[in-house]
Amino acid sequence: MADASSTPIIVWFRQDLRLADNPALAEAARTGRPVLPVYVLDDDTPGTWRMGGAARWWLHHSLAALGRDLAALGCALVLRRGDPRAVLPALIREAGADTVFWNRRYEPFAIARDEAVKASLKAVGFTVRSFNAALLHEPWTVTTRAGGPCRVHSAFWRACLAKGDPPPPLPAPRKLLGAALPGDTLDAWRLLPDAPDWAGGLRAAWTPGEAGARQRLTDFLDGALEGYAARRDQPGLEATSRLSPHLRFGEVGPRQVWHAVLTASGVRGGRGGAAKFLAELGRREFSYHLLYHHRGLPAVPLRPEFADFPWREDPEALRAWQRGATGYPLVDAGMRELWSTGWMHNRVRMIAASFLVKHLLIPWQTGEAWFWDTLVDADLASNAANWQWIAGCGADAAPYFRIFNPVLQGMKFDPEGDYVRRWVPELRGLPARHVHRPWEAPEGELRAAGVVLGRTYPTPVVDHAAARGRALAAFARVKKGCAADAV
DNA sequence: TGAAATGTTGGGGCG
DNA sequence: ACGCCCCAACATTTC
């Protein structure tokens, strides 16, 4: 065997596309041995959640940024394609390596795959180590008093807070010893859309990569953090962090965010906006906790009584929802923001999701699939947990009778209609009091605004009161079935 | 991280 | 001046 000090270490990048606070990379750098960073794209292995279109766009740019950042340290990122169970052993042989480091993932399919990789490599004498880069507290470290997994967000987050601060973030390595190996080019992966190129809105809205993430975090801490608690629910303002896609790809880690927020807010545990914002990190953590403990989360209702819920099939209504043409301005604004930028304000996500599931009675998994394909922050855990929550079949789900009224929500959280006007320009001329319910606007107001309902903007696909009644009846059946089971 | 229906109260118009 | 009624405004309950 060659001199151990010159044997390269493979660092397998996955959802941790950053140099700072990257424990696997930091540990590899610490050894002083050559580092071979690699990213493996696996689109075809059954059971793997193939990234959606918007996420692929992000991945392209994030990998490009990571490649540049690594190159600046003297290290070339190697791109390979295929099932990691085959790709990694091959890489090890080619590189003459004997060690692989990575940061852990928590999706059931990824855990199974990583365990298989680890077992096969260890069986032939290689060293494999994994680290935590993605979570404040890994799912198995947080339990109820009885020692089981948590089912309620508030109890989960209390337990997390009781554990104290996560460790401070690690600095980025200052230099790396490179080890070269041939690989694919990023362009060959064709992650970017062409024919048509629908990514214009994404390019305008985002800067993928670690530097972009750092900038976004700094801007948020200097600006919106202070008023976060009071303003975050208003989609017409830039009052949220918009860090979700950066967190999704690991361009910034939750430990970095945590400590940066504490420093910026100057108070331990954070006051006002800070505590509220950190609690949102807590929702992300809880989603991973749920996915880890319930492997069926992305597809199967956590509450078994939902197995025979009377969902409807309604391709026409689904299309209207997807395209932002339901006739409910707030829902349509959200769906168009999603289509255009790959992101939607969280308050509007709840309202749009509730509309699909409760007003239209279309299965939550259908909405989950659409979000998976269109969100740049599409995350298996958060997406699944939040859809189950809104559908009422999740762990500590919203009760079935909680049905958002898109008009009231609009008047409450978008009182001037700024958000609706931005994304539904055909309603721009309507005054605030009717912009969330154009079908109730007087004739003259519509004419002055150039709105012809059914022509320039759709009439509502369903009547709110009728849809609400239908949903309550459908969900009451589930409740009855549950009671019958209990007897 | 709701909304709607129902109940209660208190001020003011009015006989 | 008194009591009755109406109906906001707010509180509570129900879905």
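This is a short exchange about a predicted model.

Colleague: Why are helices α11 and α16 called roughly perpendicular?

Modeller: Helix α11, residues 273-293, and helix α16, residues 380-391, pack at an angle of about 90 degrees. Angles of 65 to 115 degrees count as roughly perpendicular, and therefore α11 and α16 get that name. Their axes are 8 Å apart.

Colleague: Which residues of α11 and α16 meet?

Modeller: From α11 they are R284, S287, Y288, L290 and L291, and from α16 they are L380, A381, S382, A384 and A385. By class, this contact has 7 nonpolar, 2 polar and 1 charged residues.

Colleague: What makes a residue count as near DNA strand B?

Modeller: The C-beta atom, placed from the backbone, has to lie within 6 Å of the strand. The residues that surround DNA strand B are R283, R347, M350, F401, R402, I403, F404, N405, L408 and Q409. Two or more of the residues on this surface come from each of α14 (346-359) and α17 (406-413). The surface has 5 nonpolar, 2 polar and 3 charged residues.

Colleague: How do you know that β2 and β3 pair?

Modeller: Two strands pair if DSSP finds at least two bridges between them. Strand β2, residues 35-41, and β3 have 4 bridges, in the parallel sense, so they pair. For V40, the bridge partner in β3 is R80.

Colleague: Which residues of β3 are on the covered face, and which on the uncovered one?

Modeller: In β3, residues 78-81, V78 and R80 are on the covered face, while L79 and R81 are on the uncovered one. In a regular strand, side chains alternate between the two faces of the sheet.

How values were computed
Residues numbered from 1 in each chain as written. Chains lettered and ligands numbered in written order. Predicted model: local features only at pLDDT ≥ 70, side-chain atom pairs only at ≥ 80, totals over all residues. Axes fitted to C-alpha atoms, helices over the stretch in contact; angles between N-to-C directions. Parallel < 35°, antiparallel > 145°, perpendicular 65-115°, else oblique. Contact = placed C-beta atoms within 7 Å. Nonpolar A, V, L, I, M, F, W, Y, C, P; charged D, E, K, R; others polar. Buried ≥ 20, exposed ≤ 12 C-beta atoms within 10 Å, placed from the backbone.
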